[in-house]
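Please examine the structure displayed here before reading on. The paragraphs that follow lead through it step by step.

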Amino acid sequence: MVHVLSSRVLLRPADPERSRAFYGKALGLEIYREFGTGPERGTVYFLGGGFLEVSGHAAGPATGTLQLWLQVADAAEAHQELLAHGVEVLREPVQEPWGLIEMWIADPDGHRIVLTQVPADHPLRYRP
């Protein structure tokens, strides 16, 4: 049995500084730790119950296989904040047939990110 103590998503961006600006400034993720020096340094951000590490350099374009799912308290508020930071919104917040409110954005390399709000009356919030 594997006893997982912590986890993180490793992201190898085409332009590390641009990605750090996106995740640290536009999304406002807090830094957990940094390592190394210069433009290739690594930055690890808090990501709710996990971490997102932006380090190294991509060997080629994003493949579309990485997607991030981030739960937010208020999707409409997040939408306004992201627009104010110049983030391109791929799809504005919409309440899905399954009850979650979802909004889609992409990072500078094109990795898709869904920001999800779980409404107070949604089954994910309570047990019957």
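**A helix with a buried side**

In helix α2, which spans residues 75-84, the residues A75, A78, H79 and L82 are buried. These residues cover an arc of only 105° around the axis, which means that they lie on the same side of α2. It should be kept in mind that this is a predicted model.

Against what do the buried residues of α2 pack? Their partners are helix α1 (16-26) and the strands β6 (89-95), β7 (101-106) and β8 (112-117). The two ends of α2 also deserve attention. At its start, a side-chain oxygen of D74 comes to within 3.0 Å of the backbone nitrogen of A76. Just after α2, the residue G86 takes a positive phi of about 75°.

From the helix, the reader may turn to the nonpolar core. The largest nonpolar core has 23 residues, and those that touch the most other members are F22, Y23, L27, L52, I105 and I113. Two or more residues of this core come from each of the elements α1, β3, β4, β5 (67-71), α2, β7 and β8. Y23 may serve as an example of the contacts made by a core residue. Leaving aside residues up to four places away in sequence, Y23 touches L11, G28, L29, Y45, L52, V54, L68, D107 and I113.

A pair of strands comes next. Strand β2 (residues 31-35) and strand β3 (residues 42-47) pair in the antiparallel sense, over four bridges. Within this pairing, I31 stands opposite Y45 in β3. The two strands, β2 and β3, form a hairpin with six residues between them. In the turn of this hairpin, G36 has a positive phi of about 80°.

The charged side chains can now be considered. How many salt bridges does a search of the whole structure find? The search finds seven. One of these features involves E53, a residue of strand β4 (residues 50-54). The side chains of E53 and R8 meet in a salt bridge, with a distance of 2.8 Å from N to O. Since E53 lies in strand β4 and R8 in strand β1 (residues 8-11), the pair ties together parts that are 45 residues apart in sequence.

Are the two partners in this pair buried or exposed? E53 has a relative accessible area of 9%, and it therefore counts as buried, because the limit for a buried residue is under 20%. R8, by contrast, has a relative accessible area of 35% and is partly exposed. The surroundings of E53 include further residues: not counting those up to four places away in sequence, E53 touches R8, V9, L10, L11, R12, F35, T43 and V44.

R12, which appears in that list, also forms a salt bridge with E53, and the closest N and O atoms are 3.9 Å apart. This pair links distant parts of the chain, with R12 in the loop between β1 and α1 and E53 in strand β4, 41 residues apart. R12 counts as partly exposed, at 40% relative accessibility.

Another salt bridge joins the side chains of D109 and R18, with a distance of 3.2 Å from N to O. Here too, distant parts of the chain are linked: D109 is in the loop between β7 and β8, R18 is in helix α1, and the two are 91 residues apart. D109 counts as buried, at 17% relative accessibility, whereas R18 counts as partly exposed, at 37%. In addition, E17, R20, E34 and R41 are joined into one network by salt bridges that share partners.

The last stop is a loop. W98 lies in the loop between β6 and β7. Is W98 buried or exposed? Its relative accessible area is 52%, so W98 counts as exposed, because the limit for an exposed residue is over 50%. The side chain of W98 makes a polar contact with the side chain of E102, at 3.3 Å. W98 and Q71 are 27 residues apart in sequence, and their C-alpha atoms are 15 Å apart in space.

Notes: Residues numbered from 1 in each chain as written. Predicted model: local features only at pLDDT ≥ 70, side-chain atom pairs only at ≥ 80, totals over all residues. Heavy atoms only, no water. Contact = heavy atoms within 4.5 Å. Buried < 20%, exposed > 50% of the residue type's maximum accessible area, 1.4 Å probe, protein only. Arc of directions from axis to C-beta. Polar contact = N/O pair within 3.5 Å; in protein donor to acceptor, adjacent residues only side chain to side chain. Pairing = 2+ DSSP bridges. Core = buried A, V, L, I, M, F, W, Y, C linked by side-chain atoms within 4.5 Å. Salt bridge = Lys/Arg side-chain N within 4 Å of Asp/Glu carboxyl O.
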